[in-house]
Amino acid sequence: VVQVGEHVKVVVLKYDPERGRVSLGMKQILPDPWTTVAERFPVGARVRGKVVSLADYGAFVELEPGIEGLVHVSEMSWSKRIAHPSKVVEVGQEVEVVVLDVDTANCRISLGLKQAEPNPWEMMRINHPIGSRVQGKVKNVTDFGVFVGVEDGIDGLVHVSDLHWTKKVKHPSELYKKGDDIEAVVLGIDVDNERVSLGVKQLAEDPWQSMAKRHPVGTRAKGKVTSVTDFGVFVELEEGVEGLIHVSQLSNERVDKPQMLFQPGQEIEAEVTQIDTRERKIGLSIKALRRSEEREEVESY
């Protein structure tokens with residue numbers, strides 16, 4: 001700024017006669033630019049500047065001589081996690097930024113680099129609306145679901161409950177592994193929290209919606225016993241679709257221990273007595289089947 005022997009113009013700031021000191025200032029010759037910085041760089045404005053220095057937490061951008069703003073590392077990319085600002089910008093580079101906040105009292109300006117570009121999460125909502133189909137690769141498999149790469153830097157989650165309509169999936173790794181190509185339906189897009197919900201089972205029709213057509217109430221159904229409990233017997237009618245024969249519907253006689261009559265893997269027949277598509281429950285009855293068989297024999301006779 002100055003050199004020895006140079007003549008400069010200064011302003012007297014303070015005089016201490018007891019100590020024989022005079023405090024001078026050079027910047028006071030010119031008006032303080034921070035008094036009008038909020039007018040020149042209003043919040044939301046797009047401005048160009050030069051990167052003057054880098055820190056672990058961000059990059060300092062000079063907007064005009066003496067006025068610098070900080071682009072925090074979290075404001076450098078919409079979808080990528082930036083380990084260090086040097087991965088995005090370098091000293092001397094000209095960049096376009098958006099003014100996020102102006103603190104004239106502390107002479108600070110907060111800038112955003114990612115705000116100068118379209119928000120990919122907003123574009124995701126435009127390009128892939130709810131109900132549309134997307135394709136991508138499995139990026140990660142967790143206990144609660146599968147993460148799928150939908151766009152560059154944007155992963156969507158297929159929750160384990162949205163993998164299959166009827167099959168009980170204990171762990172997503174039973175169906176998918178990292179690197180698999182997958183197709184899914186967009187179920188929801190949360191721009192604020194940067195989340196995309198996907199579903200695989202929604203690619204096909206919910207079998208429960210047509211369950212009443214395939215197994216009408218009053219008809220005979222065959223299935224295999226999957227489990228036996230004190231309150232009844234569970235029978236698999238289709239893959240992943242089970243019906244319950246309550247203990248009171250197992251026989252015309254009193255049954256205290258269903259385990260004495262039925263074993264897992266045994267094939268049995270029963271009559272469909274109830275279908276609740278909302279609760280995904282099917283009621284079966286052997287007692288009702290026997291009554292229907294007796295009625296048919298009487299009518300036949």
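**Strands and their partners**

In this predicted model, five strands close into a barrel, following the order E3-E4-E5-E7-E6 with mixed pairing. On average, and with direction ignored, neighbouring strands of this sheet are turned by 50° against each other.

A helpful place to start is the pair formed by E5 and E7. Strand E5 covers residues 67–72 and strand E7 covers residues 108–112; the two pair in the parallel sense, over two bridges. Across this pair, valine 71 of one strand stands opposite leucine 111 in E7.

The chain then offers a residue worth pausing at, glutamate 75, which is found in the loop between E5 and strand E6 (94–103). The side chain of glutamate 75 is joined to that of glutamine 115 by a polar contact of 2.7 Å. When neighbours within four places in sequence are left aside, the contacts of glutamate 75 are Leu100, Leu111, Gly112, Leu113, Lys114 and Gln115. Leu111, listed here as a contact of glutamate 75, is also the residue that valine 71 stands opposite.

Further along, attention turns to strand E13, residues 220–229, which runs antiparallel to strand E16, residues 267–276, with five bridges joining them. Within this pairing, lysine 222 has glutamate 269 in E16 as its bridge partner. Strand E13 is also joined by five bridges to strand E14 (residues 232–238), and these two again run antiparallel. Here serine 227 stands opposite phenylalanine 234 in E14. Two residues lie between E13 and E14, and the two strands form a hairpin.

Technical notes
Residues are numbered from 1 along each chain as its sequence is written. This is a predicted model: local features need pLDDT of at least 70, side-chain atom pairs count only at pLDDT 80 or more; totals for chains, interfaces and linings use all residues. Side-chain values use heavy atoms; hydrogens and water are left out. Two strands pair if DSSP finds at least two bridges between them. Helices (H or I, at least four residues) and strands (E, at least two) are DSSP runs, numbered from the N terminus. Axes are lines fitted to C-alpha atoms, for helices over the stretch in contact, and angles run from 0 to 180 degrees between N-to-C directions. A polar contact is a pair of N or O atoms within 3.5 Å; within protein, one must be able to donate a hydrogen and the other to accept it, and residues adjacent in sequence count only if both atoms are side-chain atoms. Contact means heavy atoms within 4.5 Å.
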